[in-house]
Amino acid sequence: DKSSLWNDVKCTYLFVPSNGNSIYTKEYCKNHNGDIPLFSGNTEGFFGMVDSYDYDGEYLTWAKDGLAGYMMLHNGKFSITGHRGILIPTNNCKNIDLTYIKYVLEPIFRANKKGREGDLGKNEYTTLNPDMIKKMKDTIPIPILEDGTFDINKQRELASKYEKLETIKTELINKIVELTSIVIS
């Protein structure tokens, strides 16, 4: 969209990348069972349920190791283990849609990870820590209004398009799996 104005900002302009807390282990979960989700390096679902939380609100987190760079959007009360990082919003993070940021930033994070990648994404063990993010030169393109402030409506519109593409992609993958599992007798 050529009529849109854009501002390219570094991740660290909007967020301070921080580590999760390594106090959280399977043992900790057993001793502090509760109803607050605890997220680890897994790219889906949660690690356990605990009785306290470190964060309350809307935040982006990322897998620091394993499948490094994959992001999750959280809303509400939660905690994260030392295998996840969290992006703490700075004072510049106004009129920012975190869903949009997730779709734009995740491929940048994945491109900046270091470590071993197996064939076709199998046996990957990569890392992306806060210091690596602080050193990234990549920028995030964010639509702006004529006054230079971030255009949250345009971000939401783009996020919605990304979500539609993601849904189509998932449906196609599921269809391929279904078709390749057909056995002709």
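Let's start with salt bridges: there are nine of them in this structure, and please keep in mind that we are looking at a predicted model.

The one I'd like you to find first joins the side chains of Arg-156 and Asp-97, with N to O at 3.8 Å. Its two ends come from distant parts of the chain, 59 residues apart. Arg-156 sits in helix H5, while Asp-97 belongs to the loop that runs between strand E8 (84–89) and helix H3 (98–112). How accessible are the two partners? Arg-156 is partly exposed, at 46% relative accessibility. Asp-97, on the other hand, has 13% relative accessibility and counts as buried, because the cut-off for buried is under 20%.

While we are in that area, have a look at Gln-155, which is also in helix H5. Is Gln-155 buried or exposed? Its relative accessibility is 0%, so Gln-155 counts as buried. And what does Gln-155 touch, if we leave out residues up to four places away in sequence? The contacts are Asn-95, Ile-96, Asp-97, Tyr-100, Ile-142, Pro-143 and Phe-150. You'll recognise Asp-97 in that list; Asp-97 is the salt-bridge partner of Arg-156.

Now to another pair. Arg-110 makes a salt bridge with Glu-124, and here the closest N and O atoms are 2.8 Å apart. Arg-110 is in helix H3 and Glu-124 is in the loop between E9 and E10, so this bridge ties together parts that lie 14 residues apart in sequence. Both ends turn out to be buried: Arg-110 has a relative accessible area of 15%, and Glu-124 has 11%.

That loop takes us to the sheet. Three strands make up an open sheet, ordered E6-E10-E9, with antiparallel pairing. Which strands stand at the edges? They are E6 (65–66) and E9 (114–116); each has a single partner strand, so one side of each is left without a neighbour in the sheet. As a reminder for anyone new to the group, strands of a sheet pair through backbone hydrogen bonds. In our case, E9 and strand E10, residues 125–127, are paired in the antiparallel sense over three bridges. If you want one to click on, take Arg-116, whose bridge partner in E10 is Tyr-125.

Back to helix H5, which covers residues 152–180, for some salt bridges of a more local kind. Lys-169 and Glu-166 meet through their side chains, N to O at 3.6 Å. These two are three residues apart in the helix, which means about one helical turn separates them. Both are partly exposed, Lys-169 with a relative accessible area of 45% and Glu-166 with 32%. There is also a network of salt bridges, and its members are Lys-154, Glu-157 and Lys-161.

One last stop, and this one is about nonpolar side chains. Which residues make the nonpolar surface patch of about 310 Å²? They are Leu-165, Ile-168 and Leu-172. Leu-172 is found in helix H5, and at 52% relative accessibility Leu-172 counts as exposed, since the threshold for that class is over 50%.

So, if you take one helix home from this talk, make it H5. Arg-156 in H5 reaches Asp-97 in the loop before helix H3, Gln-155 in H5 is buried, and Leu-172 in H5 helps make the nonpolar patch. Thanks for listening, and I'm happy to rotate the model for anyone who'd like another look!

Key. Residues numbered from 1 in each chain as written. Predicted model: local features only at pLDDT ≥ 70, side-chain atom pairs only at ≥ 80, totals over all residues. Heavy atoms only, no water. Pairing = 2+ DSSP bridges. Helix = DSSP H or I, 4+ residues; strand = E, 2+ residues; numbered from the N terminus. Patch = residues over 30% accessible without salt bridge, like charges linked within 9 Å, V, L, I, M, F, W, Y side chains within 5 Å. Areas by Shrake-Rupley, 256 points an atom, 1.4 Å probe, with all protein chains shown as cover. Salt bridge = Lys/Arg side-chain N within 4 Å of Asp/Glu carboxyl O. Buried < 20%, exposed > 50% of the residue type's maximum accessible area, 1.4 Å probe, protein only. Contact = heavy atoms within 4.5 Å.
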